[in-house]
Amino acid sequence: MRHKAEQGSAENPGLWLRGILSQEQLCRVPAPAEELPILFVGRPDWRSACAGASHIVCLDGAGGRNAATPAIRRVGWAAVILEEASLEMVCGFFGGVPGSIQTVPRAETHALHMFLRAAQGEFVLREPHIDADQPPPPLLPPMPIYSDHLNVVRHCADGASRVGRHHEHWDIWQSIRPMLNTWSVHKVRAHITHAKLERHGRESSDGAYAGNFMADALAGAGADLIDIGLWHSKDCLLYT
């Protein structure tokens, strides 16, 4: 066995010296570098629905089934719009995070970026009955955004002015910065339970807590989809 280990360490040092398999040995589908499709659930008329009662947005990022293993981890993001009083979800966007940086902080930042792009009318729902030459969709009215990631909230509070080129997610923040003018981002405690409420008190509305659970579930689904290589699936409702 010792002879085999000495011979193997020269050919595969990661395995024999540290017990780590390479990405190739694990036969994992690599995270694609290009932008991924955006999956959608909810009302097709979500833009007009948001013009009525008070609505909020909840964001989240999540690791998939391999969240504890950085070498093969895939992360997902989600943004959910819900009516704050009734807790009814109007719609949700979710998907996987592209690129080699597969961390939850990047997923949280990516979720904010994708929602702001959707709010500005950048995405058009791909449905057969909608005319391809339809006019641009209306912009969403400003509404409170809730994130359970403290750094996202802090960067939004100062207009991302402290995010420099050295920052790991600089590429996303430089796109987010000009879109922050009319939006306010607030902190919501993640995965709230009755026990946590008793210890910490009620820091946010019921809608923010409920929306956080919804966004967490969709972000996990987005991570799982990219983890098993289904980002090219045509069997779901997509935005482009």
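Helices and strands are here runs assigned by DSSP, numbered from the N terminus, with at least four residues for a helix and at least two for a strand. The structure under discussion is a predicted model. On this assignment, Ala-160 lies in the loop between α6 and α7. Ala-160 is buried, with a relative accessible area of 0%, and its phi is positive, about 60°, although the residue is not a glycine.

The same assignment gives the protein 9 helices and 7 strands. Of its 240 residues, 45% count as buried. Among contacts between residues at least 6 apart in sequence, 73% join residues at least 24 apart.

The confidence of the prediction should be considered before the details. Mean pLDDT for the protein is 81, and 74% of the residues reach 70 or more. Strand β5, residues 145-147, has the highest confidence, at 96, while strand β7, residues 238-239, has the lowest, at a mean of 44. Over residues 232-240 the pLDDT is below 50, yet this stretch has 24 contacts in the model beyond near neighbours in sequence. Where pLDDT is low, the predicted coordinates should not be read in detail.

The interior may be approached through the largest nonpolar core, which has 40 residues. Within this core, Ile-81, Leu-112, Phe-115, Leu-116 and Ile-145 touch the most other members. Several elements each supply at least two residues: the strands β1 (38-42), β2 (55-63), β3 (75-83) and β4 (89-96), together with the helices α4 (46-49), α5 (104-119), α6 (150-157) and α7 (170-176). The largest share, 8 residues, comes from α5. Phe-115 illustrates how positions distant in sequence are brought into contact: leaving aside neighbours within four places, Phe-115 is in contact with Val-57, Leu-59, Ala-79, Ile-81, Leu-140, Ile-145 and Trp-183. A second, separate core holds 16 residues, including Leu-39, Ala-78, Phe-94 and Tyr-146.

Helix α5 merits attention in its own right. Its 16 residues, at 1.5 Å a residue, should span 22 Å, because the expected span is 1.5 Å times one less than the number of residues. The end C-alpha atoms of α5 are 23 Å apart, which agrees with that expectation. Burial is judged by a relative accessible area under 20%. By this criterion 14 of the 16 residues of α5 are buried, so the helix is largely enclosed by the rest of the structure. After α5 comes Gly-121, whose phi is positive, near 85°.

Helix α5 also takes part in the second largest pocket, whose volume is about 160 Å³. Of the 13 residues that line this pocket, Pro-98, Arg-106, His-110, Asp-171 and Ile-172 lie nearest its centre. Both α5 and α7 supply at least two residues of the lining, and α5 gives the most, with 5 residues.

Pro-98 leads to another part of the chain. Glu-34 and Pro-98 are 64 residues apart in sequence, but their C-alpha atoms are 6.3 Å apart in space. Glu-34 is found in the loop between α3 (23-26) and β1, and with a relative accessible area of 46% it is partly exposed.

Two residues with side chains that can carry charge or polarity are best treated next. Arg-47 lies in helix α4 and is buried, with a relative accessible area of 12%. The C-alpha atoms of Arg-47 and Val-90 are separated by 9.2 Å, although the two residues are 43 apart along the chain. His-149 is placed in the loop between β5 and α6. At 17% relative accessibility, His-149 counts as buried, because the cut-off is 20%. Leaving aside neighbours within four places in sequence, His-149 is in contact with Pro-105, Glu-108 and Lys-187.

A final point concerns backbone geometry in a further loop. Leu-87 has a positive phi of about 65°, although it is not a glycine. Leu-87 sits in the loop between β3 and β4. With a relative accessible area of 32%, Leu-87 is partly exposed, whereas Ala-160, described at the outset, is buried.

Key: Residues are numbered from 1 along each chain as its sequence is written. This is a predicted model: local features need pLDDT of at least 70, side-chain atom pairs count only at pLDDT 80 or more; totals for chains, interfaces and linings use all residues. Side-chain values use heavy atoms; hydrogens and water are left out. A nonpolar core is a set of buried Ala, Val, Leu, Ile, Met, Phe, Trp, Tyr and Cys residues joined through side-chain atoms within 4.5 Å. Buried means under 20% relative accessible area, exposed over 50%, partly exposed in between (1.4 Å probe, protein chains only). Contact means heavy atoms within 4.5 Å. pLDDT is the predictor's confidence in each residue, from 0 to 100. On a 1 Å grid over the protein atoms alone, a cavity is a set of points where a 1.4 Å probe fits but cannot get out, and a pocket is an open set with protein on both sides within 12 Å along at least five of seven lines; lining residues have an atom within 4 Å of a point. Grid points are joined across faces, edges and corners, and a volume is the space filled by probe spheres set on the points.
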